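Let's take a friendly walk through a protein model. Keep the sequence and the 3D view side by side as you read.

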Amino acid sequence: MAHIVAEPCSGCKYTDCVVVCPVECFYEGEQMLYIHPEECIDCEACVPECPVEAIFHEDNLPEEWKSYIELNAKMSEECEVITEKKEPLADD
């Protein structure tokens, strides 16, 4: 099982989570970040770092965002890895 970046990240793209990730499993898309499901070690370090609460364990992902499981898997293969904090698309 892995952690999933869900809808709250879309249009925000805060990168606080990538700095604490010990295995560099975050990937940057145009509108949001994605977690590679085979690289994530479920350490949960990223969860409290997300200011919009967009990261969920796959088992705890709200039903309306279940499609993000497949989206994270697909997009993490197509996007570049991100390991450093960047300016978000939106501010609180």
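Is Asp-42 buried, partly exposed or exposed? Asp-42 is partly exposed, because its relative accessible area is 26%, and that value falls between the 20% limit for buried and the 50% limit for exposed. Keep in mind throughout that this is a predicted model.

**Loops and backbone angles**

To find Asp-42, look in the loop between strand E3 (33–35) and E4. Its backbone deserves a look too: Asp-42 has a positive phi of about 55°, although it is not a glycine.

Glu-24 also has a positive phi of about 55° without being a glycine. You can find Glu-24 in the loop that runs between helix H1 (16–20) and strand E2 (26–28). With a relative accessibility of 45%, Glu-24 counts as partly exposed.

Next, turn to the loop between strand E4 (55–57) and helix H2 (67–78), where Asp-59 lies. Asp-59 has a relative accessible area of 52%, and it is therefore exposed, since the cut-off is over 50%. Now find Met-1 in the 3D view. Asp-59 and Met-1 are 58 residues apart in sequence, while their C-alpha atoms are 7.8 Å apart in space.

**Cysteines**

How many disulfides does the structure hold? The number is zero. To see why, recall that a disulfide needs two cysteine sulfur atoms within 2.5 Å.

For Cys-17, the closest cysteine sulfur is in Cys-50, at 6.2 Å, so the two are too far apart for a bond. For Cys-21, the closest cysteine sulfur belongs to Cys-25, and the 3.7 Å between them is again too far for a bond. As for their surroundings, Cys-17 is buried at 5% relative accessibility, and Cys-21 is buried as well, at 14%.

**Salt bridges**

Side chains of opposite charge can pair when their charged atoms come close. The structure holds four salt bridges. Three of the pairs are listed here, each with the distance between nitrogen and oxygen.

| Salt bridge | N to O distance |
|---|---|
| Lys-85 and Asp-16 | 3.1 Å |
| Glu-28 and Lys-86 | 2.7 Å |
| Glu-78 and Lys-74 | 3.0 Å |

Begin with the salt bridge between Lys-85 and Asp-16. This pair links distant parts of the chain: Lys-85 is in the segment after strand E5 (80–81) and Asp-16 is in helix H1, 69 residues apart. Lys-85 is exposed, with a relative accessible area of 53%.

Which parts of the chain does the salt bridge between Glu-28 and Lys-86 link? Glu-28 is in strand E2 and Lys-86 is in the segment after E5, so this pair too links distant parts of the chain, with their positions 58 residues apart. Lys-86 is partly exposed, at a relative accessible area of 41%. Glu-28 and Lys-86 also belong to a network of salt bridges that includes Lys-13.

The salt bridge between Glu-78 and Lys-74 sits within one element. Both residues lie in helix H2, four residues apart, which is about one turn of the helix. Lys-74 has a relative accessible area of 45% and is partly exposed.

Terms used:
Residues are numbered from 1 along each chain as its sequence is written. This is a predicted model: local features need pLDDT of at least 70, side-chain atom pairs count only at pLDDT 80 or more; totals for chains, interfaces and linings use all residues. Side-chain values use heavy atoms; hydrogens and water are left out. Helices (H or I, at least four residues) and strands (E, at least two) are DSSP runs, numbered from the N terminus. Buried means under 20% relative accessible area, exposed over 50%, partly exposed in between (1.4 Å probe, protein chains only). A salt bridge is a side-chain nitrogen of Lys or Arg within 4 Å of a carboxyl oxygen of Asp or Glu.
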